[in-house]
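Subject: Structure for you to look at

Hi,

Here is the structure I promised to pass on. Have a look at it first, and my notes follow underneath.

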Amino acid sequence: WMEQLFKHEGVCVWTDEEYAFMKNARQSWPQGCSVSSTTTSDGDPIYYDVKPVRGGGITLGLYTDTSCVVEYKKRGRNDPITVENVLGNILMSNDGSGSGDQNY
């Protein structure tokens, strides 16, 4: 579905700059449910994958099962398990930096 979404958004919705950015950044997005190096306080692993959102968009989500169906629920305001904390280093190491938009 990622190919279909990318094609639709690229042709119908995104500007040239947004398309160029996403074409470059697309390689850093998860290619399925993946285990992170983060665990809950109970020692259970945290998984991550793309997460569809209302309006046809996508974001990244954290999950507690190997199929990435059961979404992780924050355990209070100071819970360190956030998308930014868990995935920041993973995405940066997959060459997700740099817009590739050729300064549009």
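Let me start with a residue from one of the salt bridges: D42 is exposed, with 59% relative accessible area. Its partner is R75, and the two side chains come within 3.9 Å of each other, N to O. R75 is partly exposed, at 48% relative accessibility. D42 sits in the loop between β1 and β2 and R75 in the loop between β3 and α3, so this bridge ties together parts that are 33 residues apart in sequence. Before you go further, do keep in mind that this is a predicted model.

The structure has 2 salt bridges. In the other one, the side chains of K51 and E71 meet at 2.6 Å, N to O. That pair also links distant parts of the chain, with K51 in strand β2 and E71 in the loop between β3 and α3, 20 residues apart. Both ends are partly exposed: K51 has a relative accessibility of 23%, and E71 comes out at 31%.

Now the overall layout. You'll find 3 helices and 3 strands, and going along the sequence they run α-α-β-β-β-α. Of the 104 residues in the protein, 31% are buried. If you take the contacts with a separation of 6 or more, 38% of them are between residues 24 or more positions apart.

How many disulfides does a search of the whole structure find? The search turns up 1, formed by C33 and C68, with the sulfur atoms 2.0 Å apart. The link is right-handed, with 75° about the S-S bond. C33 belongs to the loop between α2 (16-25) and β1 (34-39), while C68 belongs to the loop between β3 (57-63) and α3 (83-93), so the disulfide ties together parts that are 35 residues apart in sequence. The two cysteines fall into separate exposure classes: C33 is partly exposed at 29% relative accessible area, whereas C68 is buried at 12%.

The residue I'd ask you to check is D49, which is in strand β2 (residues 45-53). D49 is buried yet has no salt bridge. Which side chain of opposite charge is nearest to D49? That would be K51, and it is 12 Å away; a salt bridge needs the nitrogen and oxygen within 4 Å. What the D49 side chain does reach is the backbone nitrogen of C33, at 3.3 Å. Setting aside neighbours within four places in sequence, D49 is in contact with both disulfide cysteines, C33 and C68, and its other contacts are P30, G32, T59, L60, G61 and Y63.

Last, the nonpolar packing. The largest nonpolar core has 11 residues, namely M22, W29, I46, Y48, V50, L60, L62, Y72, I81, V86 and L87. The elements giving two or more residues to this core are β2, β3 and α3, and β2 gives the most, with 3. For a way into the core, try L62: beyond its neighbours within four places in sequence, L62 is in contact with a list of residues including I46, Y48, Y72, I81, V86 and L87. E71, the partner of K51 in the salt bridge, is another contact of L62.

Cheers

How values were computed
Residues numbered from 1 in each chain as written. Predicted model: local features only at pLDDT ≥ 70, side-chain atom pairs only at ≥ 80, totals over all residues. Heavy atoms only, no water. Disulfide = S-S within 2.5 Å. Helix = DSSP H or I, 4+ residues; strand = E, 2+ residues; numbered from the N terminus. Buried < 20%, exposed > 50% of the residue type's maximum accessible area, 1.4 Å probe, protein only. Lys, Arg positive; Asp, Glu negative; His and termini not counted. Polar contact = N/O pair within 3.5 Å; in protein donor to acceptor, adjacent residues only side chain to side chain. Contact = heavy atoms within 4.5 Å. Core = buried A, V, L, I, M, F, W, Y, C linked by side-chain atoms within 4.5 Å.
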